[in-house]
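Could you take a look at this one with me? I've jotted down some notes to read alongside the structure.

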Amino acid sequence: MGERVLEVNNLTTVFHTKTGTFPAVSQMNFTLDAGETLAIVGESGCGKSVTSLSIMHLLPDRMGEITPESSIKFKGTEISKYSNKQMSNLRGNEISMVFQDSLTSLNPTMTVMAQMVEPFMVHQKISRKDAEKAAIEMLRKVGIPNPEARVKQYPHQFSGGMRQRVMIAMALSCNPSVLICDEPTTALDVTIQAQILKMIYDLKKELDTAVILITHDMGVVAETADRVLVMYGGQGVELADCHTLFTNPLHPYTQGLLASIPKIDDDTRLSTIEGMVPSLKDMPKGCHFCDRCQYCTDRCRKENPPMYRAGEREVRCFRYEEGN
Amino acid sequence: MKKLLEVKNLTKTFPVNGGFLKKSKKLTAVDGISFDVMEGETLCLVGESGCGKSTLGRCILQIIKPTSGEVIFDGVDLCKLDEKKMRPYRQYLQMIFQDPYASLNPRMTIRELIGAPVHAFKLAATSDELDEKIREVCKVVGISEDWLNKYPHEFSGGQRQRIVIARALIMNPRFIVCDEPVSALDVSIRSQVLNLMKDLQEQFKFSYLFVSHDLSVVNYIGDRIAVMYLGEFVELATKRELFNNPSHPYTQALLSAIPVADVNYKRERTYLEGEVPSPVNPPSGCRFRTRCRYASDVCKSKRPELKLVGEDHFAACHMCGKITK
């Protein structure tokens, strides 16, 4: 693996609402090396997107706040306390992001060209003419046929898959070290999804970019990720390399999650996780999963377990405490 | 097994506005589809967005009036009935939609919502009888009684989908069209709802037409599967046949494109080139030919018909049998 590009330590993001302040993400720890794909998986509301928005400093002002003890290190530099201006130099240049909904991410009143040249002109400070050439080159790279003509069109003239390609082209245009993809293929059909995922994989290899892939689809994870971070209730509950996680999940939530996915070659009755995800406002005091866990003990209800190290992997469960 | 429903040559075209002084064009969403639904079976429709699977489901229930074709239920062609004559049949033909947030009126309590169809069809003489019916159906789908006086916003997606299922079930339906019922739900909740739907079918013996884009869900719940592409069936087979022995190149590509949540699952992946053509102006002959790697001249000129290629297995492809997987 390459150099360490991102190191997140004890990341806690709180939201201020009318009904009080509560953490949307707490005690997140993970690292990211150049050239690797880290998948962050979890169900809706588990804090996957808030984690990525915290790294990018894109949380809504006054509502979301990264707590002072959090640390986000990008290539060894602490960026969690960066000002907006300092972040602007990083965003789109060193760290870029691709969102789920490409139609709302692109400006409908500007041609694709007008939006594509921006990152080149702002970050690389090259002339418009050179930027236009570079933009066309980028579109060719992501597999848009006839880019010279397509680039003069508006976003609505592109199909969903093509728009997502444009988004990825824009995100990669300054050759960033980290690419965060927030559910990049959720809105797309499976055959298009396969195309896009393959393209992200090929480009990642070519440019040696580190990718954080946020998704809820375990199938996508199994096929694209090197390492996987499973989230539940605003916390990471298990971090392991992809193969180990799927063959030998440790955390009860990961086990339940994997067992409840319908298999393509097996239609025996699905096992389920009883109950439902607690709302972030009334998260249990102890382990966040305790109300749905079959191994729950008194201790689980009282204390929130830390991430325990089990060899190369980490798991947030008392059952894997040292000596157990 | 007995036939419950017979669909013959069902077609639905929508006019697409061409604009001022321009002739309006025709969009054929469902193009001459025929099939049967047996009693107690689950027939699944899969396909990508815009292939007409939802329109087909709605045309069968006459929510959208089909342009031509027949839907025969109990020996009666539903397409020929007017709204008034159709009404008695509506009781037996129910629908579950994808978005449980949009399909429940936020101003009604759960009791009112579940009781509404009983009211509309005057199936309960007294309010005690209505209460009894509601309580019974709640027990079956796992809704606790203290939910009944609450409003939809107090529930999560999975719970709401249960309420929607209860509302369909209270009419004693014989046929339920489910339009992507679990697509909006999280994985752990999805399995609860899928299990519930399967249990209910076993208990009450109704049939499902299950519309979905997710082949692993379809594999779990379905008995037979129909694959749609641009308004047509390209393949129709029992679940085992379809997954083990897909004959149509589109089905093969679709199966190979699904991400499988198993790191030990090995396969050769075929990537489909390009995107689905516009249904306003579909390709001549076989509609899939523009993306098909086996396409030849005959595909351009002649439209393939669904033909038998195996036991209970139909496919619409000229090259069937000539191609190897």
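The points below go through the sheet in chain B, the helices around it, a helix pair and the contact between the chains.

1. Before anything else, keep in mind that this is a predicted model.

2. Start with the sheet in chain B. It is open, has 8 strands with mixed pairing, and runs in the order 6-7-8-3-9-10-12-11. On average, neighbouring strands are turned by 25° against each other, if you ignore direction.

3. Which strands stand at the edges of this sheet? They are strand 6 (93–96) and strand 11 (307–310) of chain B. Each has a single partner strand, so one side of each is left without a neighbour in the sheet.

4. For strand 6 of chain B, that partner strand is strand 7 (residues 175–179) of chain B, and the two pair in the parallel sense over 4 bridges. If you want a spot to click on, Ile96(B) has Cys178(B) in strand 7 as its bridge partner.

5. Now for helices against strands. Helix 1 (residues 53–60) of chain B lies across strand 3 (42–46), strand 7, strand 8 (207–212) and strand 9 (224–229) of chain B. Its direction is at about 155° to strand 8 of chain B. Helix 9 (residues 249–257) of chain B also packs on the sheet, where it touches strand 9 and strand 10 (232–238) of chain B. The angle between helix 9 and strand 9 of chain B is about 105°.

6. There is a helix pair to check as well. Helix 5 (residues 157–169) and helix 6 (residues 187–204) of chain B pack with their axes 9 Å apart, at an angle of about 15°. That angle is under 35 degrees, which makes helix 5 of chain B roughly parallel to helix 6 of chain B. The crossing is right-handed.

7. Who makes that contact? Helix 5 of chain B brings Gly157(B), Gly158(B), Gln161(B), Arg162(B), Ile165(B) and Leu169(B). From helix 6 of chain B come Ile189(B), Gln192(B), Val193(B), Leu196(B) and Leu200(B). Sorted by class, the contact has 6 nonpolar, 4 polar and 1 charged residues.

8. Last, the two chains: 38 residues of chain A are in contact with 32 residues of chain B. On the chain A side, the elements giving two or more residues are helix 8 (190–207), helix 9 (218–224), helix 10 (242–247) and helix 11 (252–259) of chain A. Helix 8 of chain A has the largest share, with 7 residues. The residues on this side of chain A divide into 16 nonpolar, 13 polar and 9 charged.

Key: Residues are numbered from 1 along each chain as its sequence is written. Chains are lettered from A and ligands numbered from 1 in the order in which they are written. This is a predicted model: local features need pLDDT of at least 70, side-chain atom pairs count only at pLDDT 80 or more; totals for chains, interfaces and linings use all residues. Axes are lines fitted to C-alpha atoms, for helices over the stretch in contact, and angles run from 0 to 180 degrees between N-to-C directions. Angles under 35 degrees count as roughly parallel, over 145 as roughly antiparallel, 65 to 115 as roughly perpendicular and the rest as oblique. A crossing is left-handed if the near helix is turned anticlockwise from the far one by less than a right angle, and right-handed if clockwise. Two residues are in contact if their C-beta atoms, placed from the backbone, lie within 7 Å. Ala, Val, Leu, Ile, Met, Phe, Trp, Tyr, Cys and Pro count as nonpolar, Asp, Glu, Lys and Arg as charged, and the others, Gly among them, as polar. Two strands pair if DSSP finds at least two bridges between them.
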